[in-house]
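Visitor: I would like to be led through a protein model step by step, with the reasoning spelled out. Could you show me the structure and then take my questions?

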Amino acid sequence: MQRTLAVALLLSLPALIVGSGGYPVFSPGTGETLDACKGIACKDLACKPPFVYKAPKDTGTCCPLCLAETVKVPEDRSWAKGLSGGVGINNNADPILCRDAVCLSPDCPEYDQYFDGRCCTKCKSAKMVTPADLAKDYKELP
(Lines give C-alpha, C1' and ligand atoms only; values in the text may rest on other atoms or scores of the structure.)
Protein backbone atom coordinates (compact mmCIF):
# COMPACT_ATOMS: atom_id res chain seq x y z
CA MET A 1 0.00 0.00 0.00
CA GLN A 2 2.79 2.42 0.92
CA ARG A 3 4.70 1.49 -2.23
CA THR A 4 1.61 2.26 -4.37
CA LEU A 5 1.18 5.62 -2.63
CA ALA A 6 4.84 6.47 -3.17
CA VAL A 7 4.66 5.59 -6.86
CA ALA A 8 1.48 7.67 -7.30
CA LEU A 9 3.14 10.63 -5.58
CA LEU A 10 6.25 10.37 -7.75
CA LEU A 11 4.16 10.19 -10.91
CA SER A 12 2.11 13.25 -9.94
CA LEU A 13 5.11 15.44 -9.05
CA PRO A 14 6.02 16.36 -12.65
CA ALA A 15 2.41 17.42 -13.27
CA LEU A 16 2.51 19.67 -10.21
CA ILE A 17 5.82 21.21 -11.27
CA VAL A 18 4.65 21.80 -14.85
CA GLY A 19 1.28 23.12 -13.66
CA SER A 20 2.97 25.79 -11.53
CA GLY A 21 5.47 26.67 -14.28
CA GLY A 22 3.32 29.47 -15.69
CA TYR A 23 1.88 27.65 -18.71
CA PRO A 24 -1.25 29.42 -19.99
CA VAL A 25 -4.46 27.70 -19.07
CA PHE A 26 -7.73 28.63 -20.77
CA SER A 27 -10.97 27.99 -18.93
CA PRO A 28 -14.01 29.22 -20.86
CA GLY A 29 -16.48 31.30 -18.91
CA THR A 30 -14.09 32.49 -16.19
CA GLY A 31 -14.23 36.09 -17.42
CA GLU A 32 -10.51 36.57 -16.87
CA THR A 33 -8.05 37.80 -19.46
CA LEU A 34 -6.56 34.93 -21.39
CA ASP A 35 -2.89 34.27 -20.69
CA ALA A 36 -2.71 32.30 -23.93
CA CYS A 37 -3.41 35.50 -25.90
CA LYS A 38 -0.49 37.50 -24.54
CA GLY A 39 1.61 38.89 -27.37
CA ILE A 40 -1.11 38.42 -30.01
CA ALA A 41 -2.05 41.60 -31.85
CA CYS A 42 -5.48 41.67 -33.46
CA LYS A 43 -6.19 43.62 -36.65
CA ASP A 44 -9.07 46.08 -37.06
CA LEU A 45 -12.28 44.33 -37.98
CA ALA A 46 -15.28 45.68 -39.91
CA CYS A 47 -18.23 43.30 -40.12
CA LYS A 48 -20.54 43.80 -43.12
CA PRO A 49 -24.09 42.37 -43.03
CA PRO A 50 -25.13 39.57 -42.66
CA PHE A 51 -22.02 39.19 -40.48
CA VAL A 52 -22.06 40.49 -36.91
CA TYR A 53 -19.25 41.34 -34.51
CA LYS A 54 -18.52 38.73 -31.85
CA ALA A 55 -16.25 39.66 -28.96
CA PRO A 56 -13.36 37.37 -27.99
CA LYS A 57 -14.96 36.55 -24.65
CA ASP A 58 -18.09 35.33 -26.50
CA THR A 59 -16.19 33.11 -28.93
CA GLY A 60 -13.33 31.91 -26.73
CA THR A 61 -10.71 33.27 -29.12
CA CYS A 62 -7.95 35.83 -28.75
CA CYS A 63 -9.33 38.18 -31.41
CA PRO A 64 -12.85 39.25 -32.36
CA LEU A 65 -14.63 37.49 -35.22
CA CYS A 66 -17.31 38.31 -37.79
CA LEU A 67 -19.88 35.53 -37.74
CA ALA A 68 -23.17 35.01 -39.57
CA GLU A 69 -26.13 32.85 -38.67
CA THR A 70 -27.92 32.77 -42.03
CA VAL A 71 -25.31 32.65 -44.81
CA LYS A 72 -26.07 29.94 -47.39
CA VAL A 73 -23.09 28.90 -49.52
CA PRO A 74 -23.85 26.89 -52.65
CA GLU A 75 -21.95 23.62 -52.93
CA ASP A 76 -19.21 23.75 -55.56
CA ARG A 77 -18.57 20.34 -57.10
CA SER A 78 -16.90 21.63 -60.27
CA TRP A 79 -13.57 20.20 -59.14
CA ALA A 80 -15.04 16.67 -59.32
CA LYS A 81 -15.92 16.94 -63.01
CA GLY A 82 -14.31 14.06 -64.91
CA LEU A 83 -13.56 11.97 -61.82
CA SER A 84 -14.89 8.45 -61.74
CA GLY A 85 -15.64 6.12 -58.87
CA GLY A 86 -12.50 4.13 -59.61
CA VAL A 87 -12.27 0.73 -61.28
CA GLY A 88 -13.62 -2.56 -60.04
CA ILE A 89 -11.71 -5.05 -57.94
CA ASN A 90 -9.57 -7.66 -59.66
CA ASN A 91 -11.53 -10.69 -60.92
CA ASN A 92 -9.35 -12.98 -58.78
CA ALA A 93 -9.98 -10.99 -55.57
CA ASP A 94 -12.19 -12.29 -52.77
CA PRO A 95 -15.59 -10.65 -53.43
CA ILE A 96 -16.59 -10.79 -49.75
CA LEU A 97 -13.42 -9.25 -48.28
CA CYS A 98 -13.15 -6.68 -51.08
CA ARG A 99 -16.82 -5.68 -51.35
CA ASP A 100 -16.25 -2.04 -50.26
CA ALA A 101 -12.86 -1.61 -51.94
CA VAL A 102 -12.33 1.28 -54.33
CA CYS A 103 -9.44 0.62 -56.71
CA LEU A 104 -7.67 3.34 -58.61
CA SER A 105 -6.91 2.78 -62.24
CA PRO A 106 -3.26 1.63 -62.52
CA ASP A 107 -1.06 4.20 -64.22
CA CYS A 108 0.81 1.68 -66.38
CA PRO A 109 0.13 -0.38 -69.49
CA GLU A 110 -1.91 -3.56 -69.06
CA TYR A 111 1.07 -5.85 -69.71
CA ASP A 112 2.88 -4.19 -66.78
CA GLN A 113 0.09 -4.90 -64.23
CA TYR A 114 -0.13 -7.75 -61.72
CA PHE A 115 -2.40 -9.01 -58.94
CA ASP A 116 -0.85 -9.76 -55.54
CA GLY A 117 -3.79 -11.42 -53.82
CA ARG A 118 -5.31 -8.25 -52.41
CA CYS A 119 -8.29 -6.43 -53.88
CA CYS A 120 -6.80 -4.26 -56.60
CA THR A 121 -4.62 -4.69 -59.67
CA LYS A 122 -1.28 -2.87 -59.31
CA CYS A 123 1.64 -1.84 -61.48
CA LYS A 124 4.77 -4.01 -61.27
CA SER A 125 6.69 -0.92 -60.14
CA ALA A 126 4.73 -1.19 -56.85
CA LYS A 127 5.97 -4.74 -56.32
CA MET A 128 8.09 -4.26 -53.22
CA VAL A 129 7.88 -5.62 -49.71
CA THR A 130 6.04 -3.26 -47.35
CA PRO A 131 5.16 -3.50 -43.64
CA ALA A 132 1.65 -4.53 -44.71
CA ASP A 133 3.14 -7.46 -46.64
CA LEU A 134 5.15 -8.48 -43.61
CA ALA A 135 2.10 -8.29 -41.34
CA LYS A 136 0.08 -10.38 -43.82
CA ASP A 137 2.70 -13.16 -43.70
CA TYR A 138 3.21 -12.95 -39.92
CA LYS A 139 2.54 -16.20 -38.09
CA GLU A 140 2.23 -16.54 -34.32
CA LEU A 141 4.72 -18.93 -32.72
CA PRO A 142 3.16 -21.83 -30.75
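Guide: What follows is a set of questions and answers about this predicted model.

Visitor: What average pLDDT does the protein chain have, and which stretches score below 50?
Guide: The average pLDDT over the protein chain is 77, and 71% of the residues score at least 70. Over residues 5-10 the value is below 50, and beyond near neighbours in sequence this stretch has 0 contacts in the model. Residues 16-20 are also below 50, with 1 contact beyond near neighbours. The answer is therefore an average of 77, given that pLDDT expresses the predictor's confidence in each residue, with residues 5-10 and residues 16-20 below 50.

Visitor: In what order do the elements of the protein chain run from the N terminus on?
Guide: The protein chain holds 3 helices and 4 strands. Read from the N terminus on, these elements follow the order α-β-α-β-β-β-α.

Visitor: What pattern do the disulfides of the protein chain follow?
Guide: A disulfide is a covalent bond between the sulfur atoms of two cysteines. A search of the whole structure finds 6 disulfides. With the bonded cysteines counted along the chain, the pattern is 1-4, 2-5, 3-6, 7-10, 8-11, 9-12.

Visitor: How many residues apart in sequence are the parts that Cys37 and Cys62 tie together?
Guide: Cys37 and Cys62 are joined by a disulfide with an S to S distance of 1.9 Å. Cys37 lies in the loop between H1 and S1, whereas Cys62 lies in the loop between helix H2 (56-59) and strand S2 (65-67), so the parts tied together are 25 residues apart in sequence.

Visitor: Is Cys37 buried or exposed?
Guide: A residue counts as buried when its relative accessible area is under 20%. Cys37 has a relative accessibility of 15%, and the answer is therefore buried.

Visitor: Why is the disulfide of Cys42 and Cys63 called left-handed?
Guide: Cys42 and Cys63 form a disulfide with their sulfur atoms 1.9 Å apart. The handedness is read from the torsion about the S-S bond, and the disulfide is left-handed because that torsion is about -85 degrees.

Visitor: Which residues make up the largest nonpolar core?
Guide: Cys103 and Cys120 form a disulfide, and both of these residues are buried. They belong to the largest nonpolar core, which has 5 residues. Cys119 is another member, and among the residues that Cys119 touches are Ala93, Cys98 and Cys103. The full membership is Ala93, Cys98, Cys103, Cys119 and Cys120.

Visitor: Which residues are linked in a network of salt bridges?
Guide: Side chains of opposite charge can pair when their charged atoms come close. Asp116 forms a salt bridge with Arg118, the closest N and O atoms being 3.9 Å apart, and the side chains of Lys122 and Asp116 meet in another at 3.2 Å. The network thus consists of Asp116, Arg118 and Lys122.

Visitor: Is Glu75, which meets Arg77 in a salt bridge, buried or exposed?
Guide: The side chains of Arg77 and Glu75 meet with a distance of 3.8 Å, N to O. Arg77 is partly exposed, with a relative accessible area of 48%. Glu75 has a relative accessible area of 67%, and a residue over 50% counts as exposed, so the answer for Glu75 is exposed.

Key. Residues are numbered from 1 along each chain as its sequence is written. This is a predicted model: local features need pLDDT of at least 70, side-chain atom pairs count only at pLDDT 80 or more; totals for chains, interfaces and linings use all residues. Side-chain values use heavy atoms; hydrogens and water are left out. A nonpolar core is a set of buried Ala, Val, Leu, Ile, Met, Phe, Trp, Tyr and Cys residues joined through side-chain atoms within 4.5 Å. Buried means under 20% relative accessible area, exposed over 50%, partly exposed in between (1.4 Å probe, protein chains only). Contact means heavy atoms within 4.5 Å. pLDDT is the predictor's confidence in each residue, from 0 to 100. Helices (H or I, at least four residues) and strands (E, at least two) are DSSP runs, numbered from the N terminus. A salt bridge is a side-chain nitrogen of Lys or Arg within 4 Å of a carboxyl oxygen of Asp or Glu. A disulfide is a pair of cysteine sulfur atoms within 2.5 Å. Lists of a residue's contacts leave out its neighbours within four places in sequence.
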